[in-house]
Structures are given as C-alpha cells and as structure tokens.
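Me: I am new to this structure. Please take me through it, and tell me what stands behind each label.

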Amino acid sequence: MPLDARAIHGLQKSALALDAYTWLAHRLCRVRKGGGVKLSWGNLRQQFGQEYRCSKDFKKEFRAALLKVRAVYPGARIDEEIGGLRLYSSPAPVPKSQVVVQLPAR
C-alpha cells in the first residue's frame, strides 16, 4: 500500500498517529460491508495501546492521533460510536496510477 510521503512527514512526531495512519491506509480500502466494520476500544487498545495502563488514557491519546491522521488523510471515513470506531470503505491515501510502457517496434 503506497503511503503519502507528506503525511508521513506531518505525523513523524507521533508514533501512535503514524501507526494509525499506516493501519488505516491499509485497512479502509479493504472494507467491503456497506455498513462498515465496528472495532471496539478494547480491540484497538490491544493492537495499538498495550502499554497504556488505563483504557481512558488510551482512548484520549488515540482520539488525538486520529485527529492528526484525518488532517493528512481527509478521505478516511471513520465514525466514533459508543464503545469504539466504525470504519467505512474509503479511497487509498495515494490514488492508484497506471504506467504504460510502449516497447519499440521491431
């Protein structure tokens, strides 16, 4: 999955935001359900915040990281719900491009 170098540069001071950005860049374009996919705060904490002693601290930090991610990945469709987040199908942060190479005629 290609990542936007400007986004990486913008998030370089936050390891959690970088982790969330790369995860969302990979995950959101693979969501197939029309209603999205719900992830609980517990699941997110297991993946991103095992070092946080308190789940409230993790939620606060992850929300702050998501604000930073949304600033550099505006196409990311995420909603916060009671108990977690809902992820919706979203375009990749870097649009797919196609390169055509024309070989010389023989």
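Reply: Start with two terms. Helices (H or I, at least four residues) and strands (E, at least two) are DSSP runs, numbered from the N terminus. Buried means under 20% relative accessible area, exposed means over 50%, and partly exposed lies in between, with a 1.4 Å probe and protein chains only. The model is predicted: local features need pLDDT of at least 70, side-chain atom pairs count only at pLDDT 80 or more, and totals for chains, interfaces and linings use all residues. Residues are numbered from 1 along each chain as its sequence is written, and side-chain values use heavy atoms, leaving out hydrogens and water.

Me: Which residues make up the two faces of strand β1?

Reply: β1 spans residues 37-40. V37 and L39 form its covered face. K38 and S40 form the uncovered one.

Me: Why is V37 called buried?

Reply: The relative accessible area of V37 is 19%. Buried means under 20%, so V37 qualifies. Contact means heavy atoms within 4.5 Å. Leaving aside neighbours within four places in sequence, V37 is in contact with R27, V31, L85, R86 and L87.

Me: What makes β1 and β3 a pair?

Reply: Two strands pair if DSSP finds at least two bridges between them. β1 and β3 (residues 84-87) have four bridges, so they pair, in the antiparallel sense. V37 has L87 as its bridge partner in β3.

Me: How do you know that β2 and β3 pair as well?

Reply: The rule is met again. Four bridges join β2 (residues 78-81) to β3, and the two run antiparallel. One bridge partner in β3 is R86, which faces D79 in that pairing. The hairpin of β2 and β3 has two residues between the strands, and G83 there takes a positive phi near 90 degrees.

Me: Why is G84 called buried?

Reply: G84 is in strand β3. Its relative accessibility is 0%, so G84 falls under the cut-off for buried. Not counting residues up to four places away in sequence, G84 touches K38, L39, S40, W41 and D79. G84 and K59 are 25 residues apart along the chain, with C-alpha atoms separated by 9.2 Å.

Me: What label does G75 get, and why?

Reply: G75 sits in the loop between α4 (55-72) and β2. Its relative accessibility is 26%, so G75 counts as partly exposed. Leaving aside neighbours within four places in sequence, G75 is in contact with S90 and P91.

Me: What pattern do the helices and strands follow?

Reply: Along the sequence, the protein chain reads α-α-β-α-α-β-β. The radius of gyration is 17 Å, well over the 13 Å that the globule rule gives for 106 residues, so the chain is more spread out than a compact globule. That radius is taken over C-alpha atoms, and the rule is 2.2 Å times the number of residues to the power 0.38. The C-alpha atoms fill a box of roughly 70 × 35 × 20 Å, taken along the principal axes.

Me: How many of the residues are buried, as a percentage?

Reply: Buried residues make up 34% of the 106 in the protein chain.

Me: What share of contacts joins residues at least 24 apart?

Reply: The share is 60%, among contacts between residues at least 6 apart in sequence.
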